[in-house]
Amino acid sequence: MKKIQVAAIILLAASTVFTACKKEELPTPAPVEQELITTVRLIVTNNSGFNQTFNYKVDNGFGSAAQGNVQIDDVVLAPGTEYNAEVQVWDESKSPAENITEEVIEESHHHLFIFQSTPATGAGSISFSNGSKDNENEPLNQKITFTTGAAGNGSLTVTLKHEPTNKNATTPDEAGGETDAQAIFPVKLQ
Amino acid sequence: MYRTIQVFLLSLCIAYTSVAQECNLNINVTVVEKHNGRPLYPVVAHIDELGATYATDEKGRFAIDSLCPGKYTFHFHSAGYEHYAEQVTIGRNTELKFRLAHLEGTVDEVVISGTREHGLLQDRDELSSRQVAAQSGKSLADMLQSINGVTVLSNGATIAKPVIHGLYGNRIVMLNNGIRQEDQQWGGEHAPNIDPFLTNNLSVIKGAASVKYGTDAIGGVVLAEPPPLRSTHGWDGELNLAGLSNNRMGVASGVVNHNFKAIPALSFRLQGTYKKGGNYRIPGHWVANTGVEERNYSATVGWKKLHYGAEVFYSHFNTDLGIYRGSHTGNEADMLAAIRSDTPLVPADFTYKLARPRQHVVHDLLKANTYLDSRWGVWRATYAFQHNFRQEYDVQRVETDDAQLNLTLNTQTLNLNLEHNQLWKLKGEVGVDGIYQENVMQAGDRVFLPNYRSTGAALYAIERYYGSDWTLEGGLRYDYRWYEAFNPEGRNQQVVRYEYNFNSLSGTLGFTKRLRDDWQITTTLSNAWRAPQANELFSAGLHQGAARIELGNKDLAAERSYNLNIESKKRFGSKLSTDVSVYTQYISNFIYLEPGADILTIRGYFTVFNYKQTNAHLTGTDLNAAYAWNHKLNTTAKASFLFARDVMQKDWLILMPADRLSLNTVYTTNLSDKLQECFVSADAKYVFSQWRIPANFDAIDYPRPPAGYFLADVSVGGRIMFNKQPLYISLSAMNIFNQRYRDYLDAFRYFIDQPGTNIVLRLRVPFSFNEHQHQ
């Protein structure tokens, strides 16, 4: 009988231990979206004083499951013209906004920007040349020359690849690696 | 290469045949109560020299065949009985009778209920210590695959979790040394953290088994049981070594047992395992970043007197695992490119080095238990503390040493149990369970799970009524579970507190009858339930292996399962024995992922998969037949079929194991005094392509389930005796034809083939120094 009492006491003691300390909160720290990119920014200039910035901004990071705000600028350029383009990636969820481009340039050999135009030629197209190099003199394309086609509408896809297996690729599939960002801008040549 | 070694081993065996002595003795053992001679059931018998464990049947009997002449030390364990050890010299076929004394010495009703390890009548299959040792180097789940009805869910060759009758993960419970393993198995890429070398016995209970093992045991239970501590003074132990060719893996594991001469009640065991492998190889290619390293150890101290005892057990599991670089994709287009490619997109050479993505997991278990024999029965109290720390290192743009996920799960459990002595014709156990759990992330971690805590309590009773040639078992359990989660939500990541309460009854009813001496039928009806898990309630993130977003559902209700299992074990003459089991299981509120809307992220569009509930109906059968051509040549055939339906959609359930057939033939012979138990064995397995897929499969998953495949394994080995010192050696070749294949339940099926040929050399050296031997 005594043993049952002992067992009962152990049980009671244990249940107190289990329940006693449950008042304190266990607040979850705000999760950090690792290396978040919210914005792909195109800065387009030319010798005749043209200077425009086009944003492709998606609030959604990798962790969210509901559609956030989306802001996509039309890339409006003149037909048959040469432009200097620079692409930047930003994390605008932080304040002040963080320029991720610096990290990309620091690790330039592990990154590649890929530009694709639809259509590839003719009205509404853009062709690309003179892409900038990485620290091992292979393509990075953070800066590139745009040559616009005849007047018309099209689209421009800018993809940032991480650890590409082929640095000379002109499409994301050829490049291998992992897609860090992909922006599709509507193009209006007028 | 393999052939040469095989020929070498065979000729080695043949070289010794000159003084051949046959190991063909058959021994029948009966265990009875010392005072009235009634048979004892169940009694666990362990034989040191064989490293094997037997259990008596209802008539107190078990048989050992193909035994070599020699000296054997028998140990007997049964609840309520004194531990008994005796050394016996066996030279011819014989009947042995052992008498065990009840601890009280005065009680007349002596037949004691099932031990804790053998408590349920449910369909149960075991791997003995020998079968475990014969597979050393494999993961726990891979070992269990040799049990009919058990398959694996894997992420390549290094991460695998067991699947029982189509259910896995949080729908099955794993017991590590009697303690429910709580180790953060959130997804398919989270393998159980148990060192298989800890156990000498792995068993699987198929079907719902909540009454005894607690909530969540909808699909079944995996039990990893270490052997009992040494109870006669002296030293013994074992050294296991394995070398695997495919990933150039080495495994070493050792265990030492001691019982003190001066303090006979005191025993201890020390055990440790080290394992290191590099990139593994699929036909034609190395797989980038798939190395593995494991460092595990454990210590047990026991104090065992006649009527009471106590034991403290501590184990540490520590692993580093690489994950194939090509399986983490940036968006759907990356994933499709990887699927379309016939070869791995990330090229690699062999290396032991791990890069990102990788995991580091530590699991500690501290267990203290005590028992007391009284005239009521055996009282037991068990307390356990588990600490699980999981780190995940993602691919990062900027070089860093930090892990992107640092999750800690601490669990405390307490169990009090009374295995009561016979009351009329009833035997059984009653008990209470308590659990307290906390799961926390670190500041700076990426989105995964909110912090949460949970407490639970349960009451249970399982009783058995023994008839002449039948047994009826009934069990009832009440569980209460409380959860509290702190989920950061919205733009400001405001922490919102959620509270959940679940409580439910579960039950089991089993009946077994021996129709004739050679035919036994067991029927069990059981139910189980499972509260939704934190990731099912709260997950809101990208699943990088599948390029999709998984969205938790805070309104999920508990899953509830009803399971009927009928098993027939029948022998036909002395050569053929069969084991047929048929099961059907209805699960209400079955939680699954359903594809929903696409959302635009900076990497492109992703499909959001929502956790939903439906009713599921799983029916299947496991068929086993063993045929002994003679006492040296044995063939076993197995087949397993599963039909898993979504009752509400009137459709098949996704991601269920395909049907499979297997055939094993083994030839065992003793070639001489020096070369015993020489064996050659061949295994063939055919896995069908899974054609039972939902109608909307193409919208959810791509590509279709892979083709069926055929695999062949061969093994050769034996026991070499150096004087009295045995050395077990074996050489095996898995996937001997270097077959290219993919498996539907492997998450890497999208990217790469399964591993190619793997040649394994295994050595096992048991040793024993008895200072005093029983006569």
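**Exercise 1. Elements of chain A**

Task: In this predicted model, determine how many helices and strands chain A contains, and in what order the elements run from the N terminus on.

Solution: Begin with the count. Chain A has three helices and 11 strands. Next, follow the chain from the N terminus: the elements run α-β-β-β-β-β-β-α-β-β-β-β-α-β.

**Exercise 2. Burial and contacts in chain A**

Task: State what percentage of the residues of chain A count as buried, and what percentage of the contacts with a separation of 6 or more is due to residues 24 or more positions apart.

Solution: First, consider burial. Chain A comprises 190 residues, of which 33% count as buried. Then turn to the contacts in chain A with a separation of 6 or more: residues 24 or more positions apart account for 63% of them.

**Exercise 3. The contact between the chains**

Task: Establish how many residues each chain brings to the contact, and which element of chain A gives the most to the side that touches chain B.

Solution: Start with the totals. Chain A contributes 42 residues and chain B contributes 53 residues. Next, identify the elements of chain A that give two or more residues to this side: helix H1 (2–20), helix H3 (172–175) and strand S11 (178–189). H1(A) gives the most, with eight residues. Finally, sort the side of chain A that touches chain B by class: 18 residues are nonpolar, 14 are polar and 10 are charged.

**Exercise 4. An open sheet in chain B**

Task: Give the strand order of the five-stranded open sheet in chain B, and explain why one side of S8(B) and of S13(B) is left without a neighbour in the sheet.

Solution: The order is S8-S14-S15-S12-S13 in chain B, and the pairing is mixed. Strands S8 (124–127) and S13 (179–180) of chain B stand at the edges; each has a single partner strand, so one side of each lacks a neighbour in the sheet. Now examine the pair at S8(B). This strand runs antiparallel to S14(B), residues 201–206, and four bridges join the two. Within S14(B), Val204(B) is the bridge partner of Asp125(B).

**Exercise 5. The surroundings of Leu661(B)**

Task: Decide where Leu661(B) is found, and why Leu661(B) is classed as partly exposed.

Solution: Locate the residue first: Leu661(B) belongs to strand S38 of chain B, residues 660–669. Next, apply the cut-offs. A residue is buried with 20 or more other C-beta atoms within 10 Å and exposed with 12 or fewer. Leu661(B) has 16 other C-beta atoms within 10 Å, and is therefore partly exposed. Last, list the contacts: leaving aside residues up to four places away in sequence, Leu661(B) touches Ala639(B) and Tyr686(B).

Key: Residues are numbered from 1 along each chain as its sequence is written. Chains are lettered from A and ligands numbered from 1 in the order in which they are written. This is a predicted model: local features need pLDDT of at least 70, side-chain atom pairs count only at pLDDT 80 or more; totals for chains, interfaces and linings use all residues. Two strands pair if DSSP finds at least two bridges between them. Two residues are in contact if their C-beta atoms, placed from the backbone, lie within 7 Å. Ala, Val, Leu, Ile, Met, Phe, Trp, Tyr, Cys and Pro count as nonpolar, Asp, Glu, Lys and Arg as charged, and the others, Gly among them, as polar.
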